[in-house]
Amino acid sequence: MAVPAVHLITDRRLVPDLPARARQALSGLPPGTAAVHLREKDLGGAALLRLARALRDACHEAGQLLLVNDRLDVALAAGADGLHLPASGLPPAEARRALGPGPLLGVSCHSEADVARALRGGADFATFGPAFATPSKLRYGPPVGLEALRRAAALGLPLVALGGIDAANAGAARAAGAGGVAAIRAWLAAPDPAAAVAALLEGFENPAPAPRLPPPDPSRRTAMPHDPQREHGPHDHHHGRDAHGNPADLAAYVAKQEDPSRDEWQKPDQVLAALGVAPGQVVCDVGAGPGYFTLRLARAVGPGGVVHAMEIEPAILAILRERLAAAGASNVRAHLVAPEALPLPPEPCDLVLVADVFHHFPDGPAALRALAARLRPGGRLVNLDFHAGELPVGPGPDHKVSREAFLAAAAEAGLEVDRELSFLPYQYLFVLRPAG
Ligand SMILES: Cc1ncc(COP(=O)(O)OP(=O)(O)O)c(N)n1
Ligand SMILES: Cc1nc(C(=O)O)sc1CCOP(=O)(O)O
Ligand SMILES: [Mg+2]
């Protein structure tokens, strides 16, 4: 039996009616391209068997497979197409002996050694992860990443990348050697499951070309008269900074801001898509830095729109302007913000984006109130920033504003939550509107 390209793992806390969700998600997929993994660790045998049978029917009607996680007995009793073993499950060789040669056997692997063991045990494939950061696996430390995936794939067992997989990064997993991709949120947290799964398959098979952004010029070395807006490396609020809190090495600072690995957790394209940034809009990027969001916003609003990029640090503004010129982003107006001034756009905006910047505002509610006053009717203020506590990226714990503290500041500024989006692994993301 061939290993499918797309693996959809269940979590009935996200969607209680899993068979209905599976029917929607699998509709329209070419037969043999997907497998649903029934992974409900807290269900007892009888309930699990009922659910397995219902899911098996949904999968088979669509020409797809059902695999059961961990429970060999349930997999056999339900007539599932295979078994997927967790790291703490049966030894793969024992499971293979009991299953026989026909059903698919997968194993959860997190290292090359795990993959070698699964291969020796007669597995047909392994999930390998977490490929990217994902909230439920933060306790295991940083994700294994694509380089580890590349090395493990060289062992020859088909690998299915898992953890933080979405339509935008599935192609990168394939490029690193994955034979498939697996996900929970990408199919259970999506508003349109059929479209989401089709996009996952499309992203895996035909990845969109990476955005072509001009690289920052690493030769620049400039004095830093003022604290820059942002830092994103692991706890680097103090590391590599001078006595005034400025980055000692501007080139390294800019390179870190624009490091491609930031995309794995910042998900900039997903953020802009979720916010519905559209051609012709007037938007403001508060604390634009070297242009990580600015250039993407410029593409999203197109030649008929305008991006106001607000930056407090002259040296970084100069780099931003160079990059805008190199990208031909003539729809961006880059503004220097005076040290004591608020970063206000010169005209009302459809969207004001405050990305990883709020924790730098000396008076958060005052800044939010002033920014909100620059919204067009129906406009939205969007804030995303790092969750409190220890994280592998972002400022250290002392420099963060928790989700709850941010909400209190927003309420004080007269803003109410329009939507909260929770697909970023390390950050909260709020879409806000003036209250009332
Ligand atoms: C290093 C490491 N160990 C264990 C896990 C999770 O175990 P797994 O078998 O993948 O089980 P579930 O993901 O189904 O909970 C991990 N991710 N990393
Ligand atoms: C269940 C699971 N196992 C992983 C592993 O690395 O073994 S990552 C993971 C969670 C995947 O969730 P999402 O697709 O929402 O990121
Ligand atoms: Mg796992």
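**Figure 1. Who sits around ligand 1 in this predicted model.** Here you see the ring of residues near ligand 1, where near means having a heavy atom within 4 Å of the molecule: Arg-39, Lys-41, Pro-86, Ala-87, Ser-108, His-110, Lys-137 and Tyr-140. Sort this shell by class and you get three nonpolar, two polar and three charged residues. For that sorting, Ala, Val, Leu, Ile, Met, Phe, Trp, Tyr, Cys and Pro are nonpolar, Asp, Glu, Lys and Arg are charged, and the others, Gly among them, are polar.

**Figure 2. Polar contacts of ligand 1.** A polar contact is a pair of N or O atoms within 3.5 Å; inside the protein, one of them must be able to donate a hydrogen and the other to accept it, and residues adjacent in sequence count only if both atoms are side-chain atoms. Arg-39 puts a polar side-chain atom 2.8 Å from an oxygen of ligand 1, and Lys-137 also has a polar side-chain atom 2.8 Å from a ligand 1 oxygen. For Ser-108, the gap from a side-chain N or O atom to an oxygen of the ligand is 3.5 Å. On its own, ligand 1 would expose 430 Å², and the protein buries 77% of that. Such areas come from the Shrake-Rupley method with a 1.4 Å probe, and for residues only the protein chains shown count as cover.

**Figure 3. Ligand 2 and its neighbours.** There are 13 residues around ligand 2, and the ones that come nearest are His-110, Thr-134, Gly-164, Ile-184 and Arg-185. Two backbones join in: a polar backbone atom of Gly-164 is 2.8 Å from an oxygen of ligand 2, and a backbone N or O atom of Ile-184 is 2.8 Å from a ligand oxygen. Arg-185 uses its side chain, with an N or O atom 2.7 Å from an oxygen of ligand 2. Alone, this ligand has 430 Å² of accessible area, and the protein covers 95% of it. Its shell holds four nonpolar, six polar and three charged residues.

**Figure 4. Cysteines without a disulfide.** A disulfide is a covalent bond between the sulfur atoms of two cysteines. The cut-off used here is a pair of cysteine sulfur atoms within 2.5 Å, and searching the whole structure turns up zero of them. Take Cys-284: the nearest cysteine sulfur belongs to Cys-349 and is 5.1 Å away. Cys-284 counts as buried because its relative accessibility is 1%; buried means under 20% relative accessible area, exposed over 50%, and partly exposed in between (1.4 Å probe, protein chains only). Cys-59 is buried too, at 0%.

**Figure 5. Helix H15, mostly covered.** H15 runs through residues 364-372, and seven of its nine residues are buried. Helices (H or I, at least four residues) and strands (E, at least two) are DSSP runs, numbered from the N terminus. The buried ones are Gly-364, Pro-365, Ala-367, Leu-368, Ala-370, Leu-371 and Ala-372. They pack against several elements, including strand S9 (282-286), strand S12 (349-355) and helix H16 (403-412), with contact meaning heavy atoms within 4.5 Å. At the start of the helix, a side-chain oxygen of Asp-363 comes within 3.2 Å of the backbone nitrogen of Ala-366.

**Notes on all views.** Residues are numbered from 1 along each chain as its sequence is written, while chains are lettered from A and ligands numbered from 1 in the order in which they are written. In this predicted model, local features need pLDDT of at least 70, side-chain atom pairs count only at pLDDT 80 or more, and totals for chains, interfaces and linings use all residues, while side-chain values use heavy atoms, with hydrogens and water left out.
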